[in-house]
Amino acid sequence: MPAPTQHRLIFQHIDEPGYSNDIDCYLRNGGYEVLKKAVAQKPEDLREEVKKSGLRGRGGAGFPCGFKWSLVDRKSGKPIYLIVNADESEPGTFKDRYIMHQDPHQLIEGTMISCFANDVKQAYIYIRGEMPEGARILEKAIAEARAQNLVGPNILGTGYSCEIFVHRGAGAYICGEETGLIESLEGKRANPRIKPPYFPAVLGLYQCPTIVNNVETLCHVKHIVQQGGAEYAKIGTPGNTGTRIFCVSGHVQRPGYYEFPAGTITMGQLLNDVCGGPLPGRTFKAVIPGGSSAKVLRFGERYKGKRKVGTDMVDYDWGVEDVPMDFDSLAMIGSMGGSGGVIVMDDSVNMVEALANINAFYQHESCGQCTPCREGSLWMKKISSRMVHGEARKEDAALLKSVADQIPGRTICAFGEACSWPTQSFLIKFKDEFEGYAEAKKNLPADRLSLV
Amino acid sequence: MIAAPKPDLVTVNIDGVDISVPKGTNVIEAAKLLQKDVPHYCYHPKLSVAGNCRMCMIEMGTPAFDPATKAPVTDPATGKQKINWIPRPQIGCGTTVSPGLHVKTSSSMVKDAREGVMEFLLINHPLDCPICDQAGECKLQEQATGYGRGYSRFIEEKNVKPKRTQLGPRVTLDDERCILCSRCVRFSKEIANDDVLGFVDRGSYSTLTCHPGKKLENNYSLNTVDICPVGALTSTDFRFKMRVWFLKQTNTVDIESSVGVNAVVWSREGTIYRLTPRRNDEVNDTWMPDSGRILYKQVAATDRLTAVKLNGSDTSLDIALHAAAALLKAGSVSIVGSGRASVEEQFLLKQLATATGAQGHLVARTASGDKLLISADRNPNVRGALVTGLISQLPCAELKQLSRDIDEGKIKTVVSHGEDLHAAGLTAALLAKVAVIYIGTHANATSAAANIILPTLHTFEKAGTFVNQQFRIQKFYAAVPAPQGATNDLVVLAKLVASTGTHTPASEVHALWPAIAAAVPALATMLYKNIPDTGLLLDATPWVGLPFVEGETLHYKPAAAIAAEAARS
Ligand SMILES: Cc1cc2nc3c(=O)[nH]c(=O)nc-3n(C[C@H](O)[C@H](O)[C@H](O)COP(=O)(O)O)c2cc1C
Ligand code: SF4
Ligand code: SF4
Ligand code: FES
C-alpha cells in the first residue's frame, strides 16, 4: 500500500516560502481568528471540545489532554498556572523547535485559548536552555501579540487578562520532566518531585494547580477549537486522533519531519515511501520509534497478538514495517510513540556502540536524586563505554540487562524508564551482538570514530 | 497532665495483620508499630519526605470497588474484599495510610527492589569502613548485612570525590561516602532555618557542598552529623577519637537552658567523648544545639575544684563540714542556690534554709533565646527551685537584697551552691564582710574568696532531675565517675542539714525521693525510678502568674502567647 499523503495541520506553514514568523504574516493567514472565537465562548465549553477531540499529549506519554485538564483542582481558590513545555530534549525529536522558530504565533494562540479555557491568568513558556534563538523569537512574538491586545490585560476587550512569560531552561534534559520543570521554573535544581503528593494538577508551580502541556499539544488545541472537537476527532483513527509529526533521523535517504493523520501510516510506509528507504547498499537494522528512550525495534522480528478494531478483536501478525505509527499500536508491540522521534539505524551500526552512545546521554542527564536511576544509569554507561573503549567481556551482556532491570518502576520520575528501556530492549533484541562484541571488536578498523 | 486529643484512626493490613494507626501515618511508621522494619535512608520522622533513596519500597494494594456501583468487590478465594495489588513497588515513606490499605514488607518484589537499591548504593561507595567513624552506627553497613549481595558485580572504576571538606567549624564531609539522601540539606533548611547546603553536578557525580560563600556554621550543624545515615558527615571534634561500640551511653539533659533537651552522654572508662540528642517528641524532637554538646569539656577542665579547703588550706571533708556547721549554727545565714542544681539538691538546700532560718536566693541567667532549643532562661532548673520552695519569686541576675543585708550587717555567713557571688553583684568588699561556704565544681572569684570550699560533681557525674520550661521533670544519670576529691552534692548537703541537728536526710537520689514526694505537693506520688525517660509534666498551676522570661521555642509557647492566641480566636 502506498503511504497516505501528508496532512500538514501543525506544520502547515513550516518551511513555506515567504512565510515569516512575525504577527503580520500570521494575521494575513487568518491568525488569531480562533482566539477571537474562543473568548466569546464559555471556558467549560472549550474544555469539553478538547475532551471530545480525543487529543493526546505530544510530549511523550500520550496522556489525554482533555482528561488532564479535568484533573485540575479548580476549587482550591489558588491561581491556576499553565506551562508550555518547550524543553524539547529527547534525542531524535525536533518538532517543537520548528514551531517556535517559524510559527511562534500558532503556539501563542493555542496557549492563549488553553489559558482562557482553564481560567489561567499566567502562563510560562519553559524553553530549552540551548534554544536562545527560539526564546528571542517568542519574546518578540509575545510583544507583537500584546501590542494587538491578544496577550496581556483585558484581551480583545473581554475583561479576560492573561500574561505569558518566556523562561529559558536550565540546560538539562530532566528540565523537561514536568515536575523537574516546575522546580526549575521556581528557581531550583530540576529535581523531579514525588507523586504523590505533588501532582501538578493539584500542587504544581508554587504549590498551585498547574497544567503542563507540550508545545505541539497546545498548537493542536487551536485547531480543535477552530473545527470543533468532533470534527477534529475525524482526523486520524479512534483513540489516536489528529495528526502526528514524525521527526525521522538516521540512516534513511530523506530524513526530516513529516506530518500525517495519526495511525494512518505504517513504519514501512514512513521509512520506505516517505523517507526514501535505506541508504544505497544498506539495509535497515533497527529503529527507535518514539525518541531515544523508546524501546528499539529490530527489523525482521514479528509481533503477534489480538487487537481491537472497532468493536472486534482481530489477530495481528506484524513485521516492523507493518506497525501503524500510533500510540496504541506501538505500545502493543512493546515500544512507544513517545515524542515522535524516529531514529533509524542500518546495518553499518554496531548496536553495542549505539547503546554506549545512548547510555552516555542518559547517565549525563540523570538528576541524581534517586538511587536506581543515578547509580544504574552510570553503571550501564560505564559498562557499555568500557566494552567499546576497553575490554569487553561476554558476561557484560547479561550484566547490562540485569542492571537495567533494577531501575524501571522504582524511581521518582519516568527518567528511570527512559534510561533503562534502551538497554533492556537492546539486550533482548541484540543479545548475540553484545555477547559477541569482544570477538567482533578484534576485526574493527583502527581508525573508526570513537562514539562516546 | 493534659491528655492528647484522640487521633482519627485508620485500619490497614501489614503482612496479614490488621492494625489501626493515626490518620496521616506513613507505611514505615505503621509497620514499626508491628515491629516490622522497613529499611530506609532518606526518610526521617522530623523532616519532609524526599523519597529519593528508594530503600523503603514495599508492595501495596488497595481494596477493590466496582467502578460502576462503587460496591466492594469480594474475592471468591478468600471471601473477603478483593485487593488490587499495584504491580510495582511503592515507597513506604511517601505512602500515607488509607482505609483498607494492604502492605507487604518482605515479598519477593520487595526483596528484589531492596537488593537492587543496596547494590546500587555500594557500587560507587569507597567501602572504607575500617577507617570510617560511622562504622558501628552506619545504616549502610547495617542494611548491607540484611540486603546486600555479599559479592560485587562492579568491575568499573569508582567515582572519585572530595574526601575531607570542612563544611563549617564543626562538620567534616567525605563526599565519596555520601548517598545523596538530602537529610542534611532538608535539616538545614527546614529545622535550622539556615539553607546553606545543596548539591552540585548531576547524577552519580552529584556532590554535596555549601552554597557559594556560605558555611555550615549554625549552632545546630552537628545534627546533620547525627542524621547522616552514613559516614559522610562527621563531627570534627569526635572524628577518629573512638569506636562507637566501645562507648557507654547514659541519658542526660542539656544544661544550657530551660528547654531541657534530652541527650545522651557517650563515655568510655571515665572519659566523655561526645554528646548526642535523644528523641523526645514533646521537647526537642531529635535535635540538640552544638553548644550543648561541648559542655562535656567542663568535666575535665583545668579549673575543676578537687581539693576541700578551709581558710585556704587543704583539709578533709569532715573537718571542713565541721567548720561549716559551726558557721551555720552561729546564725545570720543566707543561702544562694542554683538554677543549675538538681531538684534533689534544691530540695536539700531548702531544708538547710529552713533549718538555719536562712532566706533562699537564686541567680538568674538570661540571654536571648534562639526560638528553637535554647531558651532565654539559661538555667536548666529555675522551676525546680520554685517547685521545691527554695524560692517563691523568679530570680534576678543580681543579688541586690543580699547585698543590702550584708551591708547592713544582717548576714554573717553565705552558702553558695555553685554560684559565683561576685558575678551576681556582690563586691569583693561585701564578700569580705561575711564567711563564704562555697559548694561547687569550678574555681571562680567566689571560690577564691571562700572560707570553706566543698568540691562537688558536674551534672554528668551524678543523677538527678531538672524541671524544664514546660514544667516537665526529666531525669539525668551519672555517666562518668567524679574526680578524686569531689563529693556528690547530695552527700555534702545532707551532711550540712544533719549538722544543724534537725534530722539526717538521705543522700542518694532514690533514697531521698520518698521524702521529696512527701514534702513537695507538685511531686507527690512520684518516685525517681518511676519518672519516664522522656519526663513527666507537672501541674504548673501555682506558678502560672509568674513572668517567666522564655519566649517561644520548639514545642513551647509561653502562657502569655497561648492566652493571646485564645483571645484572638
Ligand atoms: C525525563 C523526561 C523528559 C521529558 N522531556 C520532555 C520535553 O522535553 N518536552 C515535553 O514536552 N515533555 C517532556 N516530558 C514529558 C513531560 O513530563 C510531560 O508529560 C509533558 O510535558 C506533558 O505534556 P503533554 O501532555 O502535552 O504531552 C519529559 C518526561 C520525562 C520523564
Ligand atoms: S529517576 Fe533519575 S532523573 Fe528522575 S528523579 Fe530519579 S534520579 Fe532524577
Ligand atoms: S551528607 Fe549524609 S545526610 Fe547529607 S546527603 Fe549525604 S548521606 Fe545524606
Ligand atoms: S526512605 Fe528513602 S525513599 Fe523512602
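Trainee: Is Asp119(A) buried, partly exposed or exposed?

Mentor: Keep in mind that this is a predicted model. For burial, look at relative accessible area: under 20% is buried and over 50% is exposed, with partly exposed in between. Asp119(A) comes out at 38%, so the residue counts as partly exposed. You'll find Asp119(A) in the loop between helix H6 (104–117) and S2 of chain A.

Trainee: What is the phi of Asp119(A)?

Mentor: Start with the general idea: most residues other than glycine have a negative phi. Asp119(A) goes the other way, with a positive phi near 55°. Chain B has a case too: Arg54(B), also not a glycine, has a phi of about 65°.

Trainee: Where does Arg54(B) sit, and is Arg54(B) buried or exposed?

Mentor: Arg54(B) is in the loop between helix H1 (27–33) and strand S3 (57–63) of chain B. Its relative accessibility is 7%, so Arg54(B) counts as buried.

Trainee: Now peptide bonds. Which residues does a cis peptide bond join in chain A?

Mentor: As a rule, most peptide bonds are trans. Here, one cis bond joins Lys195(A) and Pro196(A), with omega about 0°. Another joins Pro196(A) and Pro197(A), with omega about 5°. Pro196(A) belongs to the loop between helix H8 (178–185) and helix H9 (200–203) of chain A, and Pro197(A) lies in the loop between H8 and H9 as well.

Trainee: On to the ligands. How many residues surround ligand 1, and which are the closest?

Mentor: With a ligand, list the shell, then look at the individual contacts. Ligand 1 has 19 residues around it, and the closest are Gly59(A), Lys68(A), Asn85(A), Asn214(A) and Thr217(A). By class, that shell holds five nonpolar, eight polar and six charged residues. Strand S4 (residues 210–214) of chain A gives the largest share, three residues.

Trainee: What lies opposite the oxygen atoms of ligand 1?

Mentor: Check whether the protein partner is backbone or side chain. In the side chain of Thr217(A), an N or O atom is 2.7 Å from a ligand 1 oxygen. Backbone takes part too: a polar backbone atom of Arg58(A) is 3.3 Å from an oxygen of ligand 1, and for Ser89(A) a backbone N or O atom lies 3.4 Å from one. As for cover, ligand 1 on its own has 610 Å² of accessible area, and the protein covers 89% of it.

Trainee: Which residues are closest to ligand 2, and how does its shell divide by class?

Mentor: Ask the ligand 1 questions again. There are 13 residues around ligand 2, and the closest are Ile174(A), Cys367(A), Cys370(A), Cys373(A) and Cys413(A). The shell divides into eight nonpolar, five polar and no charged residues.

Trainee: How many aromatic pairs does the whole structure have?

Mentor: For a ring pair, read the centre distance and then the angle between the planes. The search gives 25 pairs over all chains. Take Tyr81(A) and Tyr124(A): their centres are 6.2 Å apart and their planes 50° apart, a tilted pair. This pair links distant parts of the chain, 43 residues apart, with Tyr81(A) in strand S1 (residues 81–86) and Tyr124(A) in strand S2 (residues 122–127) of chain A. Both Tyr81(A) and Tyr124(A) are buried, and ring pairs join them with Phe165(A) and Tyr206(A) in a cluster.

Trainee: Which side chain does Thr423(A) make a polar contact with?

Mentor: That would be the side chain of Asn359(A), at 3.1 Å. Thr423(A) is in helix H17 (residues 415–429) of chain A, and at 0% relative accessibility Thr423(A) counts as buried.

Trainee: Let's finish with chain B. Which domains does its assignment give?

Mentor: Note that a domain may be made of separate segments. Chain B is assigned domain 1 (9–116), domain 2 (131–138 + 151–246) and domain 3 (309–543). The C-alpha centres of domain 2 and domain 3 of chain B are 42 Å apart. Chain B has 15 helices and 24 strands, and 54% of its 569 residues are buried.

Trainee: And how far is Leu372(B) from Thr553(B)?

Mentor: Compare sequence separation with distance in space. Leu372(B) and Thr553(B) are 181 residues apart along the chain, while their C-alpha atoms are separated by 4.6 Å. Leu372(B) is in the loop between strand S18 (359–362) and helix H9 (382–387) of chain B, and is buried at 14% relative accessible area.

Technical notes: Residues are numbered from 1 along each chain as its sequence is written. Chains are lettered from A and ligands numbered from 1 in the order in which they are written. This is a predicted model: local features need pLDDT of at least 70, side-chain atom pairs count only at pLDDT 80 or more; totals for chains, interfaces and linings use all residues. Side-chain values use heavy atoms; hydrogens and water are left out. Domain bounds come from an automatic or database domain assignment. A residue is near a molecule or strand if one of its heavy atoms lies within 4 Å of it. A polar contact is a pair of N or O atoms within 3.5 Å; within protein, one must be able to donate a hydrogen and the other to accept it, and residues adjacent in sequence count only if both atoms are side-chain atoms. Accessible areas come from the Shrake-Rupley method with a 1.4 Å probe; for residues, only the protein chains shown count as cover. Helices (H or I, at least four residues) and strands (E, at least two) are DSSP runs, numbered from the N terminus. Ala, Val, Leu, Ile, Met, Phe, Trp, Tyr, Cys and Pro count as nonpolar, Asp, Glu, Lys and Arg as charged, and the others, Gly among them, as polar. Rings of Phe, Tyr and Trp (its six-membered ring) pair if their centres lie within 6.5 Å; planes under 30 degrees apart count as stacked, over 60 as edge-to-face and the rest as tilted. Buried means under 20% relative accessible area, exposed over 50%, partly exposed in between (1.4 Å probe, protein chains only).
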